[in-house]
Every structure is written in structure tokens, then in C-alpha cells.
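Trainee: Can we go over how ring pairs and burial get their labels? I'd like to see the reasoning step by step.

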Amino acid sequence: MPITITRFFTGMKLITTIHLAIGFILAMFCIVTLGYIKQTQKVRHNIEDVLYTDDIIRESKTTQKLILDMETGLRGYLLTGDKTFLPPYLKGRAQFSSSILLLDSLTAKDPVQNAKVQRIREKMQEWNQDFAGPLIQSRNQVHLSQRNRAYYDSLFFATAQQAKGKDKIDQTRNYFTELEANQKKIKESRLGELRESFRSTNYIAIGLTVLALIIGTITAYVLGNTIRKRFIRMTALANSIANGNYRVSLVDRHKDEISALTHSLNKMASKLQDSFSHLTKMNKELDQFAYVVSHDLKAPLRAINNLAEWIAEDMESKEPDVLQNLTMLRGRVQRMENLINGILDYSRVGRKEILQTQFSVQELLQETLENLAPPASFTFQLPDALPTITGERTLLYQVFANLFSNAIKYHHKESGTVTVHVQEKEDYYQFAVQDDGPGIPKEYHEKVFGMFQTMEARDVKESTGVGLAIVKKIVEEKGGTIWIESDRGLGTTFLFTWPKLQGTQITSSELLEENV
């Protein structure tokens, strides 16, 4: 079934597929709702049937109560001759007509039960006409004459004492007993049907709901899984591109919105591969050029330095001016070599792959100070707690080495204090290198990061002016920022951010080889 659904969705627009899937699930729930409504109507009919049966039984009891009132009132009047006994009889006879009419209406749908109601009506009419009515009329005239008295006694003996009235009442009660017994059976039957309807309703509702959930889940799973797999492969493609692997592509046989995005990613990867190949070629040429420049420039400089040294050694007369000029010449040669090395270091930042490792910043700073060997008159204050981070250790070492070196080199006194601060933020660490030197005026805060920019003339402070440019390039290459807080005479604080490494990079080359 999942394969069939997948084939059905293949070739459709993605939004059309989603609409169809949602519509299909909604249609299933509509079927569930309709089935539940239909079953509920059946339950309602069963409840009405049960209530209808109760109405018949209840009206039967009422009718019997009226017959009993009629019988009691008649008996009291016949025995005493007191007309105060007649009202229950008269009231019962009047209400009996409407009650039996209602029973007749209630049992109209059941011929068997209705026939019993008709028999009850007939028996009570006979009881009234042949028994109760004549006796009451005769009893009313007893006081008129002895003859009337004798007629009443004979009538009473012929009817009441012969239990003719009782026989009709008993027959009526038997019909009521049969009527109620049948109605109770009908009620039990309908209650059984009602209970069965409730069970069926629950089973049908549960069954249809489970069916809808299963079909909806399968549909959503197949559709979602198909889209998820395609996005996973596209993510793998994007990760591979981000990791520098541009020789990847996806084969997408669908013809929807994701296919267009896949095509764009493939096209981007192809163009990036072309650009990367060209860039690689240019980098190789640049490396070759840097090597040639370094070799061709450094060789003459070393020769000049050696010649100056040999001249100084071979001079017979050690004239101070000549020795000073030779020393200055060798200093300029050394400056030129430092400039060449600085330019080469600056050009290599961001172009060399450096292994990422986990390291302690505390140990890194200790190593930096040991290698820098600052004068004993300078004090370096490091925090007690420094983080352990993952990244290019060599680059962070180079940043701190340049900042420490500048703090010492450009200090206006023979002694000073350099303090390191660190703050951990959500996505990065913020480091600060603070000194108590002469400070940097605000108008130079941006200029000092430029190539070959120095605060003092090179004849006063020997410097290439490349160190801070390298620091800025390293920090920005890693996604951080660097800035200065300083003013003339207030010391200098260099602050920079160093982003945390966010997880591991994912490569899924195998997924990219599969067809979408």
C-alpha cells in the first residue's frame, strides 16, 4: 500500500500532493462522522421505542387505577346507599374513556396489543351497561316504594351476588396482565436492541476512527517520509558543498517544487566547482609566486647583509660613521626581510587548512608567554579560569602573540602590566588584552589595523606594521570581530570575539549518490 501511494503521488506538484493527502484524511474523518451520526440515529430510535413501551405500561397502570376507583365507588354506594361514594365512580368512568382512547392510540402499531385494548374497552362497556349502570339506577329508587326495594334486591342478587360484575372486571384485569406482560417482553427486547446499538455504535466508531487513523498515518508517513528523504539528500548536498566538496549532484525524477530547488542546488554546485577549480589554480599560482618572490627577494637581501658584515670585518680603520652606516644598512635589510615574511604570513591567513583541536586557553597563553620571553619588568595577569575550546590553536596563538608583543613594544615605560580578560557568551568567547601603555587616540583605532601602519616612525620603533593586520584578518576569518577601547594616556584594550565551534559537520556522500 505505501508503494502504491508513493507511485500515486509521484509526478504531482508538491502543493497538490499535500492538498490531496490532507483532503483524503479529512474525507476519512467525514466518513467516520457520517457513520457515527447514522448509528446514533439508530440508537435514538431504539431509545424512543423503549420510552414508547414505558408509556403503554404507565397508561395501563393508570387505566387499571381508574377501574379500581369505579369498582370501589360502586361497591360503597351499593352497600350504604350514600351518594358520597359515587364521585370516584363517576370520575373514574369519565377519565376511563380518555385513558382507554390513549391506550388505543399507543398500541395502534401492534395489532395483538391493540386487540387486547379493544377487548378491555368492550368488557368495561358491558360492565357499565349491564351491571354498574342498572344497579346504581335501581339503588337510587329504593326509597320510593317497597316494590322498588324488592326489584333492587332481586337485581342485586342476580348480578352482584352472582359475581357477574366481578367476572367482567377479572377478565379486564387478565387482559391488562397480558398486555403488560407482552409490553415488558417488548421492552426487554428493545432494551437488548438498545444495548446492542450502543455496542455497535462504539465498535463502528472505534473501527472507523482506527481505520481513518491508520490510513491517515500511512498517507502522512509516506508523504512525509518521501519529502523528508528528499530534504535529507538536499541537506547532505548543501553540507557537502559547505565542506568544499562540489563534485556532487542529485538525480530527482519528480517534477515539483522540490525538483526545481534540487536543480538549482545542482547548478550551484557545478558553478562552485568551476569557481573552486579556478580559485585552486589561482591559489597555486599565488603560492608559487609567493615562493618565487620570497626566494628571489630574500636571497639578495641575505647577500647584502653578508656583504655588509664582511665589509665591517675587513675594514682596517674602524671609523664610527662607516660602522654606523653599515649597521643601519643591515637593519634595513632585516626590516625588509621582516616585511616580506609579514606579507607572506598575511597572504596565507585563511588559505591554509589548519587542524581543529580541543585545547586549553590557559595552556595556550602560558606557552605564548614562554615563547615570547617578555622582559622581567613586565607583568602579565591571566584569569584563574579560562575556557577549553575547539578550533585552530595556531591561529589563536598568533593573535595573542601579536597583541602581547605590541603591548610590550609600544609601551612608553620600561615596565608595565598586561591583563587578559575573558567573558563567555552564548555563541562566542570575548577576550580582552589590556595594557597600561600610552594609549591610542580614537582617530587611529581603525588605522592601526591597516597594512604597514605604525604609531611611530620605524626608525624610532622597529616594526613592519603587519602584526595587527594579521590579527584582524585571523579574527574576521573565524567569524569574530576585533575593536579597540583606548585614548591617549589611558592605556589600550584590544577586544575580540572568538566563536564557539557549533557541533560537528555532517557529510552524507552516500545519500547523494542515491536517486531522489
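Mentor: Sure. Buried means under 20% relative accessible area. Keep in mind that this is a predicted model.

Trainee: Okay, so why does Phe 431 count as buried?

Mentor: Phe 431 has 0% relative accessibility, and the cut-off is under 20%, so Phe 431 counts as buried.

Trainee: What makes Tyr 429 count as buried?

Mentor: Same kind of check: Tyr 429 comes in at 9%, and buried means under 20%, so that's the label Tyr 429 gets.

Trainee: How do you know which label fits Tyr 152, buried or exposed?

Mentor: Its relative accessible area is 5%. Exposed would need over 50%, while 5% is under 20%, so Tyr 152 is buried.

Trainee: Now the rings. Why is the pair of Tyr 152 and Phe 156 called tilted?

Mentor: Their centres are 5.9 Å apart, and a pair needs centres within 6.5 Å. The planes sit at 35°; stacked is under 30 degrees and edge-to-face is over 60, so this pair is tilted. Both residues lie in helix H5, four residues apart, about one turn of the helix.

Trainee: And what makes the pair of Tyr 429 and Phe 431 tilted?

Mentor: Here the centres are 6.4 Å apart and the planes are at 40°, so again it's tilted. Ring pairs also link these two into a cluster with Phe 380, Phe 400, Phe 404 and Phe 496.

Trainee: Which lysine lies over the face of Tyr 429?

Mentor: Lys 500, at 5.1 Å from the ring centre.

Technical notes:
Residues are numbered from 1 along each chain as its sequence is written. This is a predicted model: local features need pLDDT of at least 70, side-chain atom pairs count only at pLDDT 80 or more; totals for chains, interfaces and linings use all residues. Side-chain values use heavy atoms; hydrogens and water are left out. Rings of Phe, Tyr and Trp (its six-membered ring) pair if their centres lie within 6.5 Å; planes under 30 degrees apart count as stacked, over 60 as edge-to-face and the rest as tilted. Helices (H or I, at least four residues) and strands (E, at least two) are DSSP runs, numbered from the N terminus. Buried means under 20% relative accessible area, exposed over 50%, partly exposed in between (1.4 Å probe, protein chains only). A charge sits over a ring if NZ of Lys or CZ of Arg is within 6 Å of the ring centre and within 35 degrees of the ring normal.
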